[in-house]
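Here is a quick tour for anyone opening this structure for the first time. Have a look at it before reading on.

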Amino acid sequence: MARIDPVGGRRAPLLLRALNLASRRFVGRELAPLQILAHSPGFLLPYLATLGLVRGRTELDPAVRALAMQLAAAVNGCAWCLDFGRAEAEKGGVPPAKLRAVADYHRDPRFSPAERTALAYAAAVTQVGARVPDDLFAALRRHFSERAIVELTVAVAMENAFNRINAPLAIEAQGFCPVPALPAAAPTAA
């Protein structure tokens with residue numbers, strides 16, 4: 001259960017009501033992250049703008065983008081992002097078995113060399129500090145244009161931002177698709 005109650009009913013600002021209507025139409029249900037963010041309504045439009053950074057048309061293959069974002073969500077333990085991202089990727093034609101194997105990209109034969117490189121880059125970008133070794137970046141350049149590298153970087157960075165909103169607030173998967181259970185969060189020092 002989310003740590004913050006969703007905004008709904010009469011408390012919902014007009015923008016959230018419009019977004020709820022649109023999300024019911026396009027994905028079949030209201031989106032929990034929007035209902036939580038509505039506690040501060042000024043965050044809704046910037047949040048939607050960041051979605052445009054990663055869901056728009058790009059030179060980067062949408063399947064590579066989806067795989068990279070799934071890996072970041074898995075590393076960060078964001079159940080909502082894994083759920084929604086996997087459902088959207090499957091609608092876009094990414095095979096479910098490939099999405100399930102994303103954490104094992106470096107060994108799984110389903111991944112092309114370009115995908116392996118993009119996923120290694122996504123893993124590096126997802127780590128605190130986002131230190132990407134020069135040899136990894138050089139390998140990325142062999143597979144992708146500068147524009148595609150920028151698009152991949154922004155997609156992974158935005159996925160990390162979404163994860164860092166949803167996971168700490170315990171925004172749960174909404175059942176868009178089957179998602180494996182995530183390990184419990186490690187306790188932190190107070």
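What follows covers two helix pairs, two alanines and the cysteines.

This is a predicted model, in which local features need pLDDT of at least 70 and side-chain atom pairs count only at pLDDT 80 or more, while totals for chains, interfaces and linings use all residues. Residues are numbered from 1 along each chain as its sequence is written, and side-chain values use heavy atoms, with hydrogens and water left out.

Let's start with the helices, which are DSSP runs (H or I, at least four residues) numbered from the N terminus. Two packed helices are described by the angle between their axes and the distance between the axes. Here an axis is a line fitted to C-alpha atoms over the stretch in contact, and angles run from 0 to 180 degrees between N-to-C directions.

How do α7 and α8 cross? The axes of α7 (residues 113–126) and α8 (residues 134–143) come within 9 Å and cross at roughly 140 degrees. That makes the two oblique to each other (not under 35 degrees, not over 145 and not 65 to 115). The crossing is left-handed (the near helix is turned anticlockwise from the far one by less than a right angle). Among the residues in contact (heavy atoms within 4.5 Å) are Pro113, Thr117 and Tyr121 of α7, and Leu136, Phe137 and His143 of α8. By class, that contact has ten nonpolar, two polar and no charged residues. For the classes, Ala, Val, Leu, Ile, Met, Phe, Trp, Tyr, Cys and Pro are nonpolar, Asp, Glu, Lys and Arg are charged, and the others, Gly among them, are polar.

Now for the other pair: α4 (residues 62–76) and α9 (residues 146–166) pack at about 35 degrees, with axes 9 Å apart. Their contact includes Arg65, Met69 and Asn76 in α4, plus Leu152, Glu159 and Arg164 in α9. It divides into seven nonpolar, three polar and three charged residues.

Next, two alanines with a positive phi, though neither is a glycine:

| Residue | Phi | Location |
|---|---|---|
| Alanine 130 | about 45 degrees | loop between α7 and α8 |
| Alanine 170 | near 55 degrees | segment after α9 |

Alanine 130 is partly exposed at 36% relative accessible area, and alanine 170 is partly exposed at 22%. (Buried means under 20%, exposed over 50%, partly exposed in between, using a 1.4 Å probe and protein chains only.)

Finally, how many disulfides are there? The search of the whole structure finds zero, a disulfide being a pair of cysteine sulfur atoms within 2.5 Å. For cysteine 177, the nearest cysteine sulfur, that of cysteine 81, is 12 Å away. Cysteine 177 counts as buried at 12% relative accessibility, and cysteine 78 is buried at 0%.
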